[in-house]
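Here is a short report for a reader meeting this structure for the first time. Take a look at the model, then read on.

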Amino acid sequence: MSEQITFGADNFTTNPEPRCPCLLLLDVSGSMQGSPIGELNAGLQAFQAELHSDELALKRVEVGVVTFGPVATIQDFTSATSFQAPTLQPSGDTPMGAAILHGLDMVRRRKDEYRAAGIASYRPWVMLITDGAPTDPWSAAATAVRDGEAAKGFAFFAIGVQGADMATLAKISVREPLSLQGLRFRELFRWLSNSLKSVSRSTPGTEVPLEAPRGWTSV
Amino acid sequence: MTWRVVAASEVGTSHLDAEVPCQDSCWAQVHESPSGEAILSICVCDGAGSASHAEMGADLAISTAVDFFLEQLPRGLDLTQSYAHECICAVRAAIAKEAEQNNLAIRDFACTFLGLISTSTASLAFQIGDGAIVLDVGAGLIVAIPPMVGEYVNATYFVTGDDALAILQVRPYSSPVQRAAVFTDGLQALILDLSTSTPHAPFFDQQFAVVAGTRPDQEEELHQALRRFLASPGVNSKTDDDKTLVLAVRAE
């Protein structure tokens with residue numbers, strides 16, 4: 001069977017705005033069963049609603065979603081306009097190392113696509129959210145995160161939900177991992193969308209001072 | 001040498017809502033001259049939303065322009081100002097006749113007109129009203145004729161207007177069309193940088209690559225793919241008007 005012919009519906013061609021990609025690396029392992037996954041899903045809904053309420057974010061922010069247990073691309077990078085919050089189901093273990101490498105690869109590919117299309121971009125954000133510890137080797141992932149941060153290839157944030165192995169997260173993430181207070185996913189995602197809105201208002205290449213994570217972290 | 005071409009018109013969402021038919025019409029063909037030379041002909045018309053028989057006007061304008069082309073073809077095409085002038089005169093005469101037979105006014109058939117002809121050595125672009133012809137005749141992509149808008153954004157010029165021949169813009173080129181895209185105003189805002197009247201190159205490059213990558217026997221698949229694109233949510237989120245896109249790419 002020959003491949004279907006498709007004319008470019010990708011929106012680089014019709015939207016020349018600079019892009020701000022945000023990749024969510026979400027732990028959906030068995031331990032997220034129950035209210036954690038419910039609150040995570042509610043947080044994603046809130047994230048979608050917040051992005052949809054902002055004209056500029058709609059044009060500039062792109063969202064990608066990778067879940068792990070097992071590693072799966074739930075949403076390849078898409079414009080905030082067409083981002084629909086997924087409803088995630090818990091399953092499996094916590095292959096965090098593989099998920100990070102998979103996610104960083106997606107980010108790299110997306111940046112190449114921006115470049116090929118002549119689209120300017122902001123430094124990508126990668127948000128890892130987990131309630132456990134990696135069940136697979138993670139040292140290659142930690143190296144990739146460190147190298148990427150050093151090269152300003154992306155900004156990597158790790159958020160631990162209660163029960164997360166914060167010590168290992170600290171070895172993976174260059175930035176200090178943050179602990180989610182209770183199941184305040186909604187507040188977390190509100191902070192994330194606000195931060196993305198600030199970034200999307202800035203000039204690509206400039207540093208944007210981030211609003212302190214308030215209302216969802218426990219110190 | 002020949003061209004790979006594809007053409008499609010799709011009804012706009014505002015027309016669907018109002019149960020108004022698609023008032024765009026288009027034509028794209030590669031014919032052979034008596035000497036065996038491939039000749040590209042493209043026509044695109046956008047029937048005026050305010051005209052009662054706009055879709056008939058658009059269809060009639062196209063069929064008349066095609067008849068005119070086919071009549072000229074055996075005699076050898078003279079791709080100059082006079083070709084465009086005579087073609088538009090023929091279109092106007094046909095519309096006037098149709099209007100008279102139906103006791104209607106010429107303006108009831110109002111439509112824009114975009115024409116593009118290319119031989120292996122020369123090409124001719126001509127236009128009345130909005131929409132655009134984007135083409136590469138060897139020096140990169142250009143907009144042949146700056147978008148023709150009337151005094152107000154919702155007013156344009158029509159082939160049926162008293163001033164049509166004065167409004168008619170003609171661009172002869174002494175080289176063949178390498179790549180061309182002809183489209184109605186429904187797509188204009190998506191793919192032209194209106195502040196500078198320059199084509200948004202990534203869009204066109206992407207579409208030309210699709211056409212160039214197909215085989216001659218995939219004509220129907222290509223047509224369906226273009227229809228899907230024109231009816232896609234991505235396009236419909238940017239325009240609620242009818243939209244027509246004709247693409248031509250030079251091929252071996």
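The report covers chain A, a helix pair, a strand in chain B and the nonpolar cores. The model is a predicted one.

**Chain A**

Chain A holds 6 helices and 7 strands. Read from the N terminus, its elements follow the order β-α-α-β-β-α-β-α-β-α-β-α-β. The chain has 219 residues, and 41% of them are buried. Consider the contacts in chain A with a separation of 6 or more: 76% come from residues 24 or more positions apart.

**A helix pair in chain A**

Two packed helices are described by the angle between their axes and the distance between the axes. Here the pair is helix α1 (residues 35-52) and helix α6 (residues 185-200), both of chain A. Their axes come within 8 Å and cross at roughly 30 degrees. Angles under 35 degrees count as roughly parallel, so α1(A) is roughly parallel to α6(A). The crossing is right-handed. On the α1(A) side, the residues that meet α6(A) include A:Leu40, A:Leu44, A:Phe47 and A:Leu51. On the α6(A) side, A:Phe185, A:Leu188, A:Phe189 and A:Leu192 are among those in contact.

**Strand β3 of chain B**

Is strand β3 (residues 38-46) of chain B enclosed or open? Of its 9 residues, 8 are buried, so the strand is largely enclosed by the rest of the structure. β3(B) pairs with two strands, as the table shows.

| Partner of β3(B) | Sense | Bridges | A facing pair |
|---|---|---|---|
| β2(B), residues 24-32 | antiparallel | 9 bridges | B:Cys26 and B:Val44 |
| β4(B), residues 113-118 | antiparallel | 5 bridges | B:Ser41 and B:Ile117 |

β2(B) and β3(B) form a hairpin. Between them lie 5 residues. In the turn, B:Gly36 has a positive phi of about 90 degrees.

**Nonpolar cores**

Which residues touch the most other members of the largest nonpolar core? They are B:Ile42, B:Ala61, B:Cys111, B:Val246 and B:Ala248, in a core of 80 residues. Helix α2 (residues 54-72) of chain B gives the most to this core, with 9 residues.

B:Ile42 deserves a second look. Leaving aside neighbours within four places in sequence, B:Ile42 is in contact with B:Trp27, B:Ala28, B:Gly115, B:Leu116, B:Ala180, B:Val182, B:Val246 and B:Ala248. Apart from the largest core lies another, of 56 residues. Its members include A:Phe77, A:Ala80, A:Leu169 and A:Trp191.

Note on methods:
Residues are numbered from 1 along each chain as its sequence is written. Chains are lettered from A and ligands numbered from 1 in the order in which they are written. This is a predicted model: local features need pLDDT of at least 70, side-chain atom pairs count only at pLDDT 80 or more; totals for chains, interfaces and linings use all residues. A residue is buried if 20 or more other C-beta atoms lie within 10 Å of its own, exposed if 12 or fewer, and partly exposed in between; C-beta atoms are placed from the backbone. Helices (H or I, at least four residues) and strands (E, at least two) are DSSP runs, numbered from the N terminus. Two strands pair if DSSP finds at least two bridges between them. Two residues are in contact if their C-beta atoms, placed from the backbone, lie within 7 Å. A nonpolar core is a set of buried Ala, Val, Leu, Ile, Met, Phe, Trp, Tyr and Cys residues joined through C-beta atoms within 7 Å. Axes are lines fitted to C-alpha atoms, for helices over the stretch in contact, and angles run from 0 to 180 degrees between N-to-C directions. Angles under 35 degrees count as roughly parallel, over 145 as roughly antiparallel, 65 to 115 as roughly perpendicular and the rest as oblique. A crossing is left-handed if the near helix is turned anticlockwise from the far one by less than a right angle, and right-handed if clockwise.
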